[in-house]
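Colleague: I should like to go through this model with you step by step. May I put some questions about its strands, loops and surface?

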Amino acid sequence: MKLLQAFSRLPSPLSILVAALTLQATAAPVVASKVLTPQNFKETISEGVWFIEHFSPYCRHCRSFEPTWNEVVEHFENMADPGIHLAQVNCALNGDLCTENGVTGYPQMNLYRNGEFLGTFNANRDFDILVDYLIEHAEPSGSPAPAAPLIEEEELTPTPTPTPTPTPTPTVEPLHVQTPRADANSAGEVVSLTVQNFDSFLGQGPAFIKFFAPWCGHCKKLAPTWTQLARHMQHKMNIAEVNCDEHKALCTSQGVTGFPMMFYYAHGAKTEYTGGRKYEQLVAFTEKASNPTMEVIEAPELDRLIRENSVLYLLLHTPSEHRIVNDVAKDSQLLFGSPPVYVSTSQELYTKYNIPSSSPSALLAFKDHDMKEPVAIFYPSSSQPSDALTTWLFANRLPTSLELSRDVFQQVMNAPHKPLVVIVSTPKGTQDTVIEKLNDIGKKWRLRTNQGRGARRDVVFTWMDADQWGKWMKSMYGIKASTEPEVVIADHGRLVYYDKDGAGQPIKLTSVSVASGLEAILGGAAKEKHSENVFERAVRFFNSSLVGLEESIAAHPYMTVLFIAAFFGVIFMAIRRVLTDDVADLQAEQRYAKAGRLD
């Protein structure tokens with residue numbers, strides 16, 4: 001029965017089509033529902049009564065409520081003197097504005113009078129209830145005018161009636177049946193997951209999941225904090241945990257290699273959380289993850305933003321192309337705001353960066369405060385794989401070069417797109433020179449390979465403090481203490497590295513030498529070295545073999561029983577045959593001995 005219920009919750013092709021259409025409708029509301037931004041919010045609501053819906057285009061609650069909202073807007077638009085204005089704020093684009101307005105969930109509707117906040121609408125989001133609420137707080141002026149026009153219209157003749165007439169009952173019953181809604185973390189509790197409910201739980205929306213073992217001291221210490229986090233994120237994000245002692249196969253399938261490990265899941269992808277485990281740090285992470293922002297900008301603002309950010313994304317789209325905004329808002333969630341994403345419809349920027357006028361949208365990546373041209377451009381297309389946008393975002397999220405510190409180690413070395421990582425051991429006093437050379441090498445390599453458009457692997461250029469990380473680099477890559485920078489190229493996903501260029505010489509900190517080494521690796525001609533010694537590799541192989549055997553047993557229990565029975569059968573037959581041969585030999589010896597007796 002539970003399986004049937006799980007299948008019933010899966011989206012049908014029709015529901016997917018409806019969701020896509022409602023996303024577009026949400027991004028382009030009806031004319032009377034004005035969309036406000038940080039630039040015009042305070043000025044717009046400074047006079048009169050305003051009822052503002054704060055929404056997110058990828059929020060299921062918002063999409064369910066959208067038809068009712070449009071119906072309410074249409075109802076007041078048709079009134080001669082409604083005395084109230086309706087508008088919306090897209091929190092995916094203007095998260096900071098929503099935070100300033102105290103938005104803690106979507107959709108949230110706030111009431112304002114002459115710029116002052118009066119309260120939040122917390123009743124049932126039913127058409128009749130909303131209409132009654134708005135009429136109660138409306139302040140008709142006696143001079144009818146559109147509630148919040150987006151275009152100029154002819155002035156209407158004032159009506160002599162200063163008060164609104166009662167709302168007539170609609171002749172056709174509107175469709176506002178309240179269906180059950182999957183509210184994120186509605187109980188504010190940690191959900192215990194198993195193999196049976198793991199996938200269905202992820203299907204309910206973004207989730208933050210802890211993998212633990214009951215005997216782990218760090219896990220015990222984290223447990224009360226995790227419970228507190230779930231309570232804080234009630235109605236915002238699903239919080240869960242998996243007991244890896246009870247569900248080993250599940251933890252193995254999710255790549256759990258230690259305890260506790262925490263992963264954030266959203267839109268079919270996952271990201272390991274490697275930040276601090278204090279309550280404040282976990283809250284900061286989940287708040288940011290649950291409310292990613294994209295800011296709308298104009299052309300003059302871009303140069304300043306590029307100067308302020310080592311990496312940023314700019315989404316250019318035509319005014320009529322709304323779906324790409326929702327797609328980028330959804331897929332960029334896993335970036336957690338780094339790098340930031342900006343949105344613009346400026347034709348000036350289209351021209352400046354030579355974006356074809358025929359293209360309805362383009363996503364540009366800028367790095368290293370270079371405002372002349374983007375390092376990569378992504379043109380969305382329906383023919384691309386479903387994960388093409390996410391892959392492109394992760395492949396371009398890092399600057400040309402950066403310090404490989406503890407804070408970014410996981411982000412770089414275990415990145416989802418598995419880049420090659422150029423690592424430069426930097427002795428004391430050489431940092432500035434190394435950074436300058438590394439930036440130059442990275443830029444030349446990018447120009448050489450036209451990064452982002454081919455099928456070649458991404459390359460990240462990093463440097464490490466030789467004094468702080470000397471022992472680690474020696475054990476991993478054989479780099480010994482030196483007064484000169486040492487260079488290796490790591491393929492961390494396979495735990496191998498390369499320290500020779502295409503000519504078999506040690507890699508030097510020059511564009512020619514590094515490029516030669518990279519070309520040899522990509523061409524399969526380079527000789528790899530292992531980051532682990534023989535004993536460590538043997539232990540890893542033995543452990544992976546045991547894990548593989550465990551997974552095989554779990555996946556094929558009946559075949560395993562038959563194999564074990566056959567194995568013991570063979571052993572039994574072999575022992576029986578040996579014993580039979582031994583008895584025959586003993587009997588033969590006895591016969592020979594008896595035949596040779598003198599009596």
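**Strands, loops and a surface patch**

Modeller: Let us begin with a loop: Pro-260 is placed between helix H9 (248-253) and strand E9 (261-266). Please bear in mind throughout that this is a predicted model.

Colleague: What is the omega of the peptide bond from Phe-259 to Pro-260?

Modeller: Pro-260 belongs to the loop that separates helix H9 from strand E9. The bond that leads into Pro-260 from Phe-259 is cis, and its omega is near -15°.

Colleague: Is Asn-185 buried or exposed?

Modeller: Asn-185 lies in the loop between helix H6 (127-137) and E6. Its phi is near 50°, a positive value in a residue other than glycine. Buried means under 20% relative accessible area. Asn-185 has 5% relative accessibility, so the residue counts as buried.

Colleague: How many residues of strand E8 are buried?

Modeller: Asn-238, Ala-240 and Val-242 point one way from E8, while Ile-239, Glu-241 and Asn-243 point the other way, and all are buried. Strand E8 (residues 238-243) is therefore mostly covered, the count of buried residues being 6 of 6.

Colleague: What is the hand of the β-α-β crossover from E7 to E8?

Modeller: Strand E7 (residues 207-212) runs parallel to E8, and 6 bridges join them. Within this pairing, Phe-212 stands opposite Asn-243. Between the two strands the chain passes through helix H8 (residues 217-232), and the crossover is right-handed.

Colleague: Which strands stand at the edges of the open sheet of 5 strands?

Modeller: The order in this sheet is E11-E13-E12-E14-E15, with mixed pairing. An edge strand has a single partner strand, so one side of it is left without a neighbour in the sheet; the strands at the edges are E11 (294-296) and E15 (376-378).

Colleague: How many bridges pair strand E14 with E15?

Modeller: His-369 is in the loop between E14 and E15, and its phi is positive, about 60°, although it is not a glycine. Across the pair, Ala-365 stands opposite Ala-376 in E15. Strand E14 (residues 361-367) and E15 pair in the antiparallel sense, and the number of bridges is 3.

Colleague: What is the area of the nonpolar surface patch that includes Phe-567?

Modeller: Phe-567 is found in helix H20 (residues 557-595) and is partly exposed, with a relative accessible area of 46%. The other members of the patch are Phe-563, Ile-564, Phe-568, Ile-571, Ile-575 and Leu-579. With Phe-567, they make a nonpolar surface patch of about 730 Å².

Conventions:
Residues numbered from 1 in each chain as written. Predicted model: local features only at pLDDT ≥ 70, side-chain atom pairs only at ≥ 80, totals over all residues. Heavy atoms only, no water. Pairing = 2+ DSSP bridges. Helix = DSSP H or I, 4+ residues; strand = E, 2+ residues; numbered from the N terminus. Patch = residues over 30% accessible without salt bridge, like charges linked within 9 Å, V, L, I, M, F, W, Y side chains within 5 Å. Areas by Shrake-Rupley, 256 points an atom, 1.4 Å probe, with all protein chains shown as cover. Salt bridge = Lys/Arg side-chain N within 4 Å of Asp/Glu carboxyl O. Buried < 20%, exposed > 50% of the residue type's maximum accessible area, 1.4 Å probe, protein only. Right-handed = clockwise from strand over helix to strand, strands pointing away.
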